[in-house]
Amino acid sequence: GRLEFILADRHGSTMKPEDEAVVMELIGMWFNEGRYQEVINVCKNLIRRDPDNDVAKLFLAKAIDKKKGRQLFRSIKSLFAEDEGIDEKTVI
């Protein structure tokens, strides 16, 4: 007979490694473009398919942080006049 050892807390991915690499490249591109909501949505779906994907978890956490930072900046900016020359790239 054949004996297999499986770690109880690790799960296998349901995606092919080539497909996962393409998705990670897309996530990285969207993150760099500031499309944080798309990154969040794709990472959540990817984590659902592959719960042990640490890269997707990292991108998800960073995208959530960036999105919250952007929302915070917009809230603070709304307190001040628009013509004061404050822009998002100066602060963040």
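Here are three short exercises on this predicted model, each with a worked solution.

Residues are numbered from 1 along each chain as its sequence is written, and side-chain values use heavy atoms, with hydrogens and water left out. Because this is a predicted model, local features need pLDDT of at least 70 and side-chain atom pairs count only at pLDDT 80 or more, while totals for chains, interfaces and linings use all residues.

**Exercise 1. Work out how many helices and strands the chain has, and in what order the elements run.**

Step 1. Look for DSSP runs, numbered from the N terminus: helices are H or I with at least four residues, strands are E with at least two.
Step 2. The chain has four helices and zero strands.
Step 3. Reading from the N terminus, you get α-α-α-α.

**Exercise 2. Describe how helix α2 and helix α3 pack against each other.**

Step 1. Take the axes of α2 (residues 36-49) and α3 (residues 54-79): they come within 9 Å and cross at roughly 150 degrees. Axes are lines fitted to C-alpha atoms, for helices over the stretch in contact, with angles from 0 to 180 degrees between N-to-C directions.
Step 2. Angles over 145 degrees count as roughly antiparallel, and α2 and α3 are therefore roughly antiparallel to each other.
Step 3. Now list who touches whom, where contact means heavy atoms within 4.5 Å. Among the residues involved are Tyr36, Val39 and Ile40 of α2, and Phe59, Ala63 and Arg70 of α3.
Step 4. Sort this contact by class: 11 nonpolar, one polar and five charged residues. Here Ala, Val, Leu, Ile, Met, Phe, Trp, Tyr, Cys and Pro count as nonpolar, Asp, Glu, Lys and Arg as charged, and the others, Gly among them, as polar.

**Exercise 3. Find out whether alanine 63 is buried or exposed, and place Ala63 in its surroundings.**

Step 1. Locate alanine 63: its place is in helix α3.
Step 2. Check its relative accessible area, which is 0%. Alanine 63 is therefore buried (buried means under 20% relative accessible area, exposed over 50%, partly exposed in between, with a 1.4 Å probe and protein chains only).
Step 3. Look at its partners: leaving aside neighbours within four places in sequence, alanine 63 is in contact with Phe31, Tyr36, Val39 and Ile40. The C-alpha atoms of alanine 63 and tyrosine 36 are separated by 5.1 Å, although the two are 27 residues apart along the chain.
Step 4. Step back to the largest nonpolar core, which has 14 residues; Ala63 is among those with the most contacts inside it, along with Ile27, Val39 and Leu46. Such a core is a set of buried Ala, Val, Leu, Ile, Met, Phe, Trp, Tyr and Cys residues joined through side-chain atoms within 4.5 Å. Helix α2 gives the most to this core, with six residues.

How values were computed:
Angles under 35 degrees count as roughly parallel, over 145 as roughly antiparallel, 65 to 115 as roughly perpendicular and the rest as oblique.
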